[in-house]
Amino acid sequence: MTAAGLASLAVSWWSSPIDRAVNGGGATDTYFPWFDPVAFAARGVVPMAHAAFAFVLGVALGLVIRRTLPAMATTLVVCTAV
């Protein structure tokens, strides 16, 4: 979760000048860069939430399946599907 948080912080820092330039386009500009699906998934708390979900899911599946490799594979499949 720390790595995801640091990566999210780096992406937000890198894209802040671009956001300011896009938002400075005037009153007719209706583009909200934070609500773009790609940007929303890469900034803020969303990457940390994905990491926390994957960790909790992996722990839960590891407790239920009780085998490391099948639990990891199932976690990967479920996280990808979600």
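A helix here is a DSSP run of H or I with at least four residues, and helices are numbered from the N terminus. With that in mind, welcome to this predicted model; most of our stops are on or around helix α3.

**The whole chain**

Start with everything shown as a cartoon. You should find 4 helices and 0 strands, so the order of elements from the N terminus is simply α-α-α-α.

Now switch on the surface. About 6100 Å² of the protein is exposed, and 75% of that area is supplied by carbon and sulfur atoms. Of the 82 residues, 18% are buried. If you count contacts in the protein with a separation of 6 or more, 43% of them join residues 24 or more positions apart.

**Helix α3, end to end**

Select residues 46–65. This is α3, with 20 residues. From the first C-alpha to the last, α3 reaches 28 Å, close to the 28 Å expected at 1.5 Å a residue.

**The buried side of α3**

Which residues of α3 are buried? Select Val46, Pro47, Leu57 and Leu61 and show their side chains: these are the buried ones. They cover an arc of only 100° around the axis, which places them on the same side of α3. As a reminder for reading such patterns, an α-helix has 3.6 residues a turn, so residues three or four places apart point the same way.

Stay with Leu61 for a moment. Leucine 61 lies in helix α3 and has a relative accessible area of 17%, so it is buried, the cut-off being under 20%. Look for what surrounds it: apart from neighbours within four places in sequence, leucine 61 is in contact with Arg66, Ala71, Thr74 and Thr75. Then draw a C-alpha to C-alpha distance from leucine 61 to methionine 72; it comes to 8.1 Å, for two residues that are 11 apart in sequence.

**The exposed side of α3**

Turn the helix round. On the other side of α3, Phe55, Val56 and Leu63 are exposed. Extend the selection to Phe55, Val56, Val59, Leu63 and Val64, and you have a nonpolar patch on the surface. Together these residues have about 540 Å² of accessible area.

Valine 64, one of the patch residues, is found in helix α3. Is valine 64 buried or exposed? Its relative accessible area is 65%, and valine 64 is exposed.

**Where the chain start meets α3**

Next, select methionine 1, which is in the segment before α1 (2–23). Methionine 1 counts as exposed, at 57% relative accessibility. Show its contacts, leaving out residues up to four places away in sequence, and you will find that methionine 1 touches Met48, Ala51 and Ala52.

Two distances are worth drawing from here. The C-alpha atoms of methionine 1 and alanine 49 are separated by 7.9 Å, although these residues are 48 apart along the chain. For methionine 1 and phenylalanine 55, which are 54 residues apart along the chain, the C-alpha separation is 8.8 Å.

Alanine 49 itself is in helix α3. With a relative accessible area of 46%, alanine 49 is partly exposed.

**Just past the end of α3**

Step along to arginine 66, in the loop between α3 and α4 (68–81). What is the phi of arginine 66? It is near 65°, a positive value in a residue other than glycine. For context, most residues other than glycine have a negative phi. Arginine 66 counts as exposed, at 68% relative accessibility, and you have already met it as one of the contacts of leucine 61.

**Last stop: helix α4**

Finish with threonine 80, in helix α4. Threonine 80 is exposed, with a relative accessible area of 62%. Draw one more C-alpha distance, this time from threonine 80 to alanine 54: the two are 26 residues apart along the chain and separated by 9.7 Å.

Terms used. Residues are numbered from 1 along each chain as its sequence is written. This is a predicted model: local features need pLDDT of at least 70, side-chain atom pairs count only at pLDDT 80 or more; totals for chains, interfaces and linings use all residues. Side-chain values use heavy atoms; hydrogens and water are left out. Helices (H or I, at least four residues) and strands (E, at least two) are DSSP runs, numbered from the N terminus. The expected span of a helix is 1.5 Å times one less than its number of residues. Buried means under 20% relative accessible area, exposed over 50%, partly exposed in between (1.4 Å probe, protein chains only). The arc is that of the directions from the helix axis to the C-beta atoms. Contact means heavy atoms within 4.5 Å. Accessible areas come from the Shrake-Rupley method with a 1.4 Å probe; for residues, only the protein chains shown count as cover. Patches are made of residues with over 30% relative accessible area and no salt bridge: like charges are joined within 9 Å, nonpolar side chains (Val, Leu, Ile, Met, Phe, Trp, Tyr) within 5 Å. A salt bridge is a side-chain nitrogen of Lys or Arg within 4 Å of a carboxyl oxygen of Asp or Glu.
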